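Thanks for asking me to look through this one with you. Here are my notes as numbered points, to be read with the structure open beside them.

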Amino acid sequence: MVSAKKPTDLLKEDHQNVLKKLDSLDEMIGNLDQKDKVAAPLKEVSSFFQTDFWVHFDKEEQALFPELEKFIPRESGPLGVMLAEHEDLRKTNADFQRTVSEYLGGADNPETMGEIQQQGSHFITVLRDHIFKEDNILFSMADAHLDQHQMDKVAELFLKIDGGHVLEGKQERGVIEMLRGRRSCKDFLDTPVSPEILSELVDIARYSPSGANKNTWRFIIITERQTLDRLSETARTCSWLNSAQAAIAVVIDPLSTRYWLEDCSVAAYSIWLAAEARGLGAAWAAMHQGDKPEESVRRQKHVREILSIPDELAVPMVIGLGYRKSPPAERERPALEEIINWESYPIL
Ligand SMILES: Cc1cc2nc3c(=O)[nH]c(=O)nc-3n(C[C@H](O)[C@H](O)[C@H](O)COP(=O)(O)O)c2cc1C
């Protein structure tokens, strides 16, 4: 079985997330006159409806619907209705996004705001109704008719579609945007991460810079639930590993290079960024505690035991991985003026 959850359950989870976005969008379009408050969240929600949201439609249209078509004709009945609604939503959303970007770009006049309200309300109403029909009619039919083999086939295609979109996203998003948008993820979907993606992450880590190009780090990929759960017990700060679908432990002989900690940290960050580029969420579980050597020893002893790592090797961090349950919120960062200095440290 590809996933512990049925594909229809995964789609229903997406729906719950979308319904929350629609609720907040509904509130925003009622407060367009308060642009200073509305602009940032509206930008975020509108970006979701321009990008990630459509992955869900692709999963339905490219993976679930073709299986359903084997017993429901596409032209008529619920499948035909859902597809027609997808088209309507695509068109409505395109118009809506155009108007939102005019508003965000400076056209915050009554006319544009009226248009956003009209297009937004239509989009919200049609999509809520569409989700209700899929959850209560179409997915029930899928659950009743698809056998395990078909469910597995659909789930496998979901993983491919996730991967493909990430590839596209990577080209659209660019490194700079990814660096700015990266956030820790500590709450993951049940969807497993494919072995191809996991081994690709380690392959990418090979290209990390290391002091004197020693490249002495080694990596352990962990996907077994029981092992991940045991790792989550290492410390309170990594308890979230119990929802991760995979993890990569970074291992090194600290006598192999004077830069062992730096080399591992850089490689761990490469893995983290590569995971982001592949549409995964990731987070860092620290096993090295610079100010508490005894805690480092305790944590790493625990991890070494679980992963059968020889005593002489260090395991300074484990990167937890999986597909995000929900998009990350923006996080406050120091202002550039606070951290930037030119030519010398400022005289206080
Ligand atoms: C060296 C290092 C150690 C970290 N250790 C942990 C950890 O043990 N557990 C954890 O949940 N997050 C850990 N993090 C993640 C940070 O808390 C997180 O990156 C920071 O709060 C900024 O949030 P963001 O990643 O969402 O931008 C660590 C990050 C770094 C760079």
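1. Let's start with helix H2 (residues 35-50) and helix H4 (residues 77-104), whose axes come within 11 Å and cross at roughly 150°. Bear in mind that this is a predicted model. Angles over 145 degrees count as roughly antiparallel, and H2 and H4 are therefore roughly antiparallel to each other. Their crossing is left-handed.

2. Which residues in H2 and H4 meet? From H2 come Ala39, Leu42, Lys43, Ser46, Phe49 and Gln50, and from H4 come Asn93, Gln97, Val100 and Leu104. By class, the contact of H2 with H4 divides into five nonpolar residues, four polar and one charged.

3. H2 also packs against helix H1 (residues 7-29): the axes of H1 and H2 come within 10 Å and cross at roughly 140°. H1 and H2 are therefore oblique to each other. This crossing, too, is left-handed. On the H1 side the contact is made by Lys21, Ser24, Leu25 and Met28, and on the H2 side by Val38, Pro41, Leu42, Val45 and Phe48. Seven of the residues in the contact of H1 with H2 are nonpolar, one is polar and one is charged. You may like to look at Leu42 in particular, as this residue of H2 is in the contact with H1 and is also among the H2 residues that meet H4.

4. Next comes the pairing of H4 with helix H5 (residues 110-145). How do their axes lie? They come within 9 Å and cross at roughly 155°. That angle makes H4 roughly antiparallel to H5. In the contact of H4 with H5 there are 14 nonpolar, eight polar and six charged residues. The crossing of H4 and H5 is left-handed.

5. Ile124, which has its place in helix H5, deserves a closer look. Is Ile124 buried or partly exposed? Burial takes 20 or more other C-beta atoms within 10 Å; Ile124 has 19 within that distance and so is partly exposed. Leaving aside neighbours within four places in sequence, Ile124 is in contact with Leu22, Leu25 and Asp26. Ile124 and Asp26 are 98 residues apart along the chain, yet their C-alpha atoms are separated by 7.3 Å. Leu25 appears here as a contact of Ile124 and, as noted above, in the contact of H1 with H2.

6. Now to the nonpolar cores. The largest has 45 residues, and Ala247, Ala249, Val250, Ile271, Ile319 and Leu321 have the most contacts inside it. At least two residues of this core come from each of helices H7 (195-205), H8 (225-232), H9 (260-277) and H10 (293-307), and likewise from each of strands E1 (218-222), E2 (246-252), E3 (281-286) and E4 (314-322). H9 gives the largest share, nine residues. A second, separate core of 16 residues includes Leu79, Met151, Phe158 and Leu159.

7. What does Ala247 touch, not counting residues up to four places away in sequence? The residues are Ile222, Leu228, Leu231, Leu241, Val318, Ile319, Gly320 and Leu321. Of these, Ile319 and Leu321 are, like Ala247, listed with the most contacts inside the largest core.

8. Finally, the chain as a whole. Its secondary structure comes to 11 helices and four strands, and its C-alpha atoms fill a box of roughly 65 × 60 × 30 Å along the principal axes. Buried residues make up 30% of the 348 residues. Among contacts between residues at least 6 apart in sequence, 80% join residues at least 24 apart.

Terms used:
Residues are numbered from 1 along each chain as its sequence is written. This is a predicted model: local features need pLDDT of at least 70, side-chain atom pairs count only at pLDDT 80 or more; totals for chains, interfaces and linings use all residues. Axes are lines fitted to C-alpha atoms, for helices over the stretch in contact, and angles run from 0 to 180 degrees between N-to-C directions. Angles under 35 degrees count as roughly parallel, over 145 as roughly antiparallel, 65 to 115 as roughly perpendicular and the rest as oblique. A crossing is left-handed if the near helix is turned anticlockwise from the far one by less than a right angle, and right-handed if clockwise. Two residues are in contact if their C-beta atoms, placed from the backbone, lie within 7 Å. Ala, Val, Leu, Ile, Met, Phe, Trp, Tyr, Cys and Pro count as nonpolar, Asp, Glu, Lys and Arg as charged, and the others, Gly among them, as polar. A nonpolar core is a set of buried Ala, Val, Leu, Ile, Met, Phe, Trp, Tyr and Cys residues joined through C-beta atoms within 7 Å. A residue is buried if 20 or more other C-beta atoms lie within 10 Å of its own, exposed if 12 or fewer, and partly exposed in between; C-beta atoms are placed from the backbone.
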